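User: I would like to go through this model and ask what lies behind each label. Please set the values against the cut-offs.

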Amino acid sequence: MPYKLNGGVYSVRCRHPYCGFNVRFDIDQNIMGVSEKDAEYEAKRLARDMALTKHEAIYGMKHSLKHPEIRRVAGSFDLFGPNLKVVTENSVSYREFEKGECILRKGDDGATICQVVRGSAFLGQNKSHRYNRGDCFGAAALLAHQNRTADIIAGKDGTRIAFYNVIALSKKNPNKAKKLYTKVMEDIFTIISNLEYKISSLEKKLQRNIV
Ligand SMILES: [Zn+2]
């Protein structure tokens with residue numbers, strides 16, 4: 001599960017017109033993530049921070065480094081283990097998704113509650129059931145050995161999701177864990193009441209057909 005960056009080199013280019021800033025940074029810090037994307041995000045953030053300092057020292061008087069282009073020019077992500085320990089020690093990890101990308105897949109292990117940090121998401125089988133910023137889903141995490149019951153799809157490019165490890169979070173920040181439980185339960189009740197509405201309208205249709 002967890003990935004570790006090995007031999008990472010990232011180039012950071014300033015997009016300001018006429019600025020020649022294009023510098024490579026070795027990332028030899030210990031960069032890890034639950035997914036490759038996760039680790040890459042952290043590495044890019046670090047490269048950008050290093051570039052900000054360097055750019056500020058050279059061009060700080062003229063302009064600041066805005067929306068730099070950051071690319072990985074060397075390095076790879078390697079799986080490492082035994083990995084479960086790392087996952088349970090971190091109470092939250094973040095990942096970004098493109099529009100249409102699967103955030104949760106039906107049948108996957110459900111160990112985390114998800115919260116939309118940016119963008120939106122929707123239920124695979126019911127597009128009208130949407131999750132916006134602050135909304136939570138992934139109630140399977142509340143039950144032991146429960147797999148994901150539905151696909152959840154990203155609704156926008158750059159949708160950022162927080163994956164909360166409920167066991168680790170309950171220890172670290174019980175208040176936050178409680179809030180997430182409540183939110184995810186609210187989501188279940190919404191889904192149930194939508195289903196009840198659908199069932200009753202189906203029943204009415206059925207009755208009409210019988211009569
Ligand atoms: Zn510049």
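**Confidence, shape, sheet and cores**

Analyst: In this predicted model, mean pLDDT among the elements of the protein chain is lowest, at 46, for helix α2 (residues 84-89) and highest, at 96, for strand β2 (residues 22-27). Over residues 82-88 the pLDDT is below 50, and this stretch has eleven contacts in the model beyond near neighbours in sequence. Where pLDDT is low, the predicted coordinates should not be read in detail.

User: What is the mean pLDDT of the protein chain, and what share of its residues reach 70 or more?

Analyst: The mean is 87, and 94% of the residues reach 70 or more.

User: How many helices and strands does the protein chain have?

Analyst: There are four helices and twelve strands. With a radius of gyration of 22 Å, well over the 17 Å that the globule rule gives for 211 residues, the protein chain is therefore more spread out than a compact globule. The C-alpha trace spans about 80 × 40 × 30 Å along its principal axes.

User: What makes β6 and β9 edge strands?

Analyst: The open sheet has four strands in the order β6-β11-β8-β9, with antiparallel pairing. Strands β6 (102-104) and β9 (126-131) each pair on one side only, which is what an edge strand does. On average, neighbouring strands of this sheet are turned by 40° against each other, direction ignored.

User: How do you know that β8 and β9 pair?

Analyst: Pairing requires at least two bridges between the strands. Three bridges join β8 (residues 121-123) to β9, and the two run antiparallel, so the requirement is met. One bridge links A121 to its partner Y131 in β9.

User: Why is the set of residues around I103 called a nonpolar core?

Analyst: The name applies because its members are buried residues of the nonpolar types, joined through C-beta atoms within 7 Å. This largest core has 24 residues, of which I103, I113, C114 and A121 touch the most other members. At least two core residues come from each of β6, β7 (112-118), β10 (136-137), β11 (152-154), β12 (159-165) and α4 (174-210). Leaving out residues up to four places away in sequence, I103 touches F97, C114, A121, I152, I153, A154 and I161. A second, separate core has 14 residues, including C14, I31, A39 and A47.

User: What share of the residues is buried?

Analyst: Buried residues, those with 20 or more other C-beta atoms within 10 Å of their own, make up 27% of the 211 residues in the protein chain.

How values were computed:
Residues are numbered from 1 along each chain as its sequence is written. This is a predicted model: local features need pLDDT of at least 70, side-chain atom pairs count only at pLDDT 80 or more; totals for chains, interfaces and linings use all residues. pLDDT is the predictor's confidence in each residue, from 0 to 100. Two residues are in contact if their C-beta atoms, placed from the backbone, lie within 7 Å. The radius of gyration is taken over C-alpha atoms; the globule rule is 2.2 Å times the number of residues to the power 0.38. A residue is buried if 20 or more other C-beta atoms lie within 10 Å of its own, exposed if 12 or fewer, and partly exposed in between; C-beta atoms are placed from the backbone. Axes are lines fitted to C-alpha atoms, for helices over the stretch in contact, and angles run from 0 to 180 degrees between N-to-C directions.
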